[in-house]
Amino acid sequence: MAKFSLRKVNKDLKPLSGLYSEEELATISKFGTIVDIAPGQALFEEGQLGAEVAIIVAGQAKITKGGVVRGHLHTGDVVGEASVLNRAPRAASVHAVTILRIAVLDVDAFAQALNNSQVFRQRIDETMQKRAA
């Protein structure tokens, strides 16, 4: 088996290098699409049906529920997975605070990423467990 090379991974994912394994980076590179979001722009709106998952590649976003700030997201954070996996409305809104670079995975790409990488699947499971606690 050939040794993995970060040169094969989308160069835009470089900020995630110390946070994600090489396998995860390859999976995100293969199935994700890089999108830049302007400050103030919404990634997700509370109550809307989830159709995408986002991984924060660079920048900061805020989470609001009922108009109240509930937290912030930073480089490496995953958001939107619960709505997509549970086929449920978004529990909160997410807006860019700074210029935000995200890797977006639509429903099909997210399913393929989970099936492609056990390590990525484990990260998503752990993220959901932490938020449920």
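**Exercise 1. In what order do the strands of the open sheet containing S1 stand, and is their pairing parallel or antiparallel?**

Solution. The model under study is a predicted one.

Step 1. The sheet is open, consists of four strands and has the order S1-S8-S3-S6, with antiparallel pairing.

Step 2. The edge positions belong to S1 (33–37) and S6; each has a single partner strand, so one side of each lacks a neighbour in the sheet.

Step 3. Within this order, S3 and S8 (residues 100–106) are joined in the antiparallel sense by six bridges. Ile 55 is placed opposite Ala 103 of S8.

**Exercise 2. Determine the order and the edges of the sheet that contains S7.**

Solution.

Step 1. The strand order is S2-S7-S4-S5; this sheet too is open, has four strands and shows antiparallel pairing.

Step 2. S2 (42–44) and S5 (68–73) are the edge strands, each pairing on one side only.

Step 3. On average, neighbouring strands here are turned by 30° against each other, direction ignored.

Step 4. S4 (residues 61–65) and S7 (residues 93–96) run antiparallel and are connected by four bridges. Ser 93 in S7 is the bridge partner of Thr 64.

**Exercise 3. Establish which residues of helix H4 are buried and how they are distributed around its axis.**

Solution.

Step 1. Helix H4 spans residues 118–132, 15 residues in total, and its first and last C-alpha atoms are 21 Å apart, close to the 21 Å expected at 1.5 Å a residue.

Step 2. With buried taken as under 20% relative accessible area, the buried residues of H4 are Phe 120, Ile 124 and Thr 127.

Step 3. These residues lie on the same side of H4, because they cover an arc of only 60° around the axis. The general background is that an α-helix has 3.6 residues a turn, so residues three or four places apart point the same way.

Step 4. The other side of H4 carries the exposed residues Gln 118, Gln 129, Lys 130 and Ala 132.

Step 5. The cover over the buried residues of H4 includes the helices H1 (22–31), H2 (81–86) and H3 (107–116), together with the strands S3 (52–58) and S6 (78–79).

**Exercise 4. Describe how helix H3 is placed relative to H4 and to the strands S3 and S8.**

Solution.

Step 1. The axes of H3 and H4 are 5 Å apart, and the helices pack at an angle of about 115°.

Step 2. Since angles of 65 to 115 degrees count as roughly perpendicular, H3 is roughly perpendicular to H4.

Step 3. H3 contributes Phe 110, Ala 113, Leu 114, Asn 115 and Asn 116 to the contact, while H4 contributes Gln 118, Phe 120, Arg 121 and Ile 124.

Step 4. H3 also lies across S3 and S8, at about 85° to S8.

How values were computed:
Residues numbered from 1 in each chain as written. Predicted model: local features only at pLDDT ≥ 70, side-chain atom pairs only at ≥ 80, totals over all residues. Heavy atoms only, no water. Helix = DSSP H or I, 4+ residues; strand = E, 2+ residues; numbered from the N terminus. Expected span 1.5 Å × (residues − 1). Buried < 20%, exposed > 50% of the residue type's maximum accessible area, 1.4 Å probe, protein only. Arc of directions from axis to C-beta. Contact = heavy atoms within 4.5 Å. Pairing = 2+ DSSP bridges. Axes fitted to C-alpha atoms, helices over the stretch in contact; angles between N-to-C directions. Parallel < 35°, antiparallel > 145°, perpendicular 65-115°, else oblique.
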